[in-house]
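Subject: A structure for you to look at

Hello,

Here is the structure I promised to pass on. Please have it open while you read, and my notes on what I found follow below.

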Amino acid sequence: MLQTFLTTVYQVFLPISLPVIGGALIKHFKPIDTKPISTLSLYLLSPALIFETLIGADISYGEITDTVLFTILNMLLLWGIAVGIGKAWSLPAAERSGLTLTALFTNCVNYGLPLVLLAFGQAGLDKASVYVILQIIIVNTLGVYFAARSQFSVKQAALSIFKLPSIYAAVLAVICRTTHVELPQELNQGISMISGAYSSVALFILGAQMVSVRSGKSAYTAAMNKAFYAGLAMRLVISPVASALLLYLLGIQGVLFNVMLVLSSMPAAVNAVILAEQFDAAPKVVTRCILWTTLASFVLLPLMIGWLG
């Protein structure tokens, strides 16, 4: 077991850690604004990766159906558990919203995609692409709802989807696949060059964001501490166990099982704190959860990947 853990850390997490450490060091010693880099990743690198992956993905319609079904059921299951914990512990409305954001949304884009690629190869990345697209849609619709139910506008949330280039990249890739359109080799090479930069840039951003999260220190109320520990339990224990049971009940096996379990067990999404700050959904709790679940993931995820084999 120890040998498997060390092998996974060396082969998978050592390559991932280098750009993360680089981003953290640069942010610490030479404060930079990561927003322009995040914009580059969101509006150029990520769409290129999604398009290149989907257009050549070795994934069946059955696997797509399984991924959609698992994503929806897993979200409903975790939402129900988060609501139950919030009521049982009598958490205020803001802390309940923050707990829900932490429980439901994972860092499957900046952290998950590079991890899946290194751990499971191109086959794993192919399976992950559909899940990631669904997460992008859910975060920008239901994420807004969970963060600010009293301020929620269905129209605004729906329109926000169409501001994301990754959605158009996914649609274009599906059209090209179904119509059997082949792009010129030179165009494919250009797209590959852009998508190839995604992993290192995304992990650099993750490292810089971890430093930013750590710098926000302030006092915590009893309710905030309860919500924080509930968020840790949801992300680190309840979510992996619930996801594994759901995947087993759905009969999902092989690489798809491994990829879905790892992606649904990722640490809390950095995007969650953006929603929490915008709608006052306990941003301090969400920020603290992001930091500690990310740090814990460097130990727990290698164990999981080693167990999956």
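One definition before anything else: the expected span of a helix is 1.5 Å times one less than its number of residues. With that in hand, take helix α4, which has twelve residues and reaches 17 Å from its first C-alpha to its last, close to the 16 Å expected. Please keep in mind throughout that this is a predicted model.

The overall picture

The protein chain has 14 helices and zero strands. Its length is 309 residues, and 50% of them count as buried. About 14,700 Å² of the chain is exposed, with carbon and sulfur atoms supplying 67% of that area. Among contacts with a separation of 6 or more, 87% are between residues 24 or more positions apart.

Helix α4 and the loop before it

Back to α4, which covers residues 93-104. Nine of its twelve residues are buried, so α4 is largely enclosed by the rest of the structure. The buried set consists of Glu 95, Ser 97, Gly 98, Leu 99, Thr 100, Leu 101, Thr 102, Ala 103 and Leu 104.

Glu 95 is a good residue to click on. Why does Glu 95 count as buried? Its relative accessible area is 10%, and the cut-off for buried is under 20%. Leaving aside residues up to four places away in sequence, Glu 95 touches Ala 223, Met 224, Ala 227 and Ala 282. You can also look from Glu 95 to Ala 276: these two are 181 residues apart along the chain, yet their C-alpha atoms are separated by 9.9 Å.

The loop between α3 (61-88) and α4 holds Ser 90. Ser 90 has a positive phi of about 55°, although it is not a glycine. Is Ser 90 buried or exposed? With 61% relative accessibility, Ser 90 counts as exposed. Ser 90 also has a distant partner in sequence, since Ala 223 is 133 residues away along the chain but 8.4 Å away in space, C-alpha to C-alpha.

Helix α8 and the loop after it

Helix α8 (residues 165-178) has 14 residues, which should span 20 Å, and its end C-alpha atoms are 20 Å apart, so the two values agree. Buried residues in α8 are Pro 165, Ser 166, Ile 167, Ala 169, Ala 170, Ala 173 and Cys 176.

Just after α8 comes His 180, with a positive phi of about 60°. His 180 is another residue other than glycine with a positive phi. You will find His 180 in the loop between α8 and α9 (185-196). At 67% relative accessibility, His 180 counts as exposed.

Helix α12 and its neighbours

Helix α12 is mostly covered, with nine of its eleven residues buried. Those nine are Leu 256, Phe 257, Asn 258, Val 259, Met 260, Leu 261, Val 262, Leu 263 and Ser 264. What do the buried residues of α12 pack against? They pack against α3, α5 (108-139), α11 (222-249) and α14.

The pairing with α14 deserves a closer look. Two packed helices are described by the angle between their axes and the distance between the axes. For α12 (residues 254-264) and α14 (residues 283-308), the axes come within 11 Å and cross at roughly 170°. That makes α12 roughly antiparallel to α14, because angles over 145 degrees fall in that class. On the α12 side, Phe 257, Asn 258, Leu 261 and Val 262 take part, and they meet Leu 301, Met 304, Ile 305, Trp 307 and Leu 308 in α14. By class, this contact has eight nonpolar residues, one polar residue and no charged residues.

Asn 258 is one of the residues in α12 that meet α14. Asn 258 is buried, with a relative accessible area of 15%. Not counting residues up to four places away in sequence, Asn 258 touches Phe 120 and Leu 308.

If you want a place to begin, try Glu 95 in α4, then move to Asn 258 in α12.

Best wishes

Notes
Residues numbered from 1 in each chain as written. Predicted model: local features only at pLDDT ≥ 70, side-chain atom pairs only at ≥ 80, totals over all residues. Heavy atoms only, no water. Axes fitted to C-alpha atoms, helices over the stretch in contact; angles between N-to-C directions. Helix = DSSP H or I, 4+ residues; strand = E, 2+ residues; numbered from the N terminus. Parallel < 35°, antiparallel > 145°, perpendicular 65-115°, else oblique. Contact = heavy atoms within 4.5 Å. Nonpolar A, V, L, I, M, F, W, Y, C, P; charged D, E, K, R; others polar. Buried < 20%, exposed > 50% of the residue type's maximum accessible area, 1.4 Å probe, protein only. Areas by Shrake-Rupley, 256 points an atom, 1.4 Å probe, with all protein chains shown as cover.
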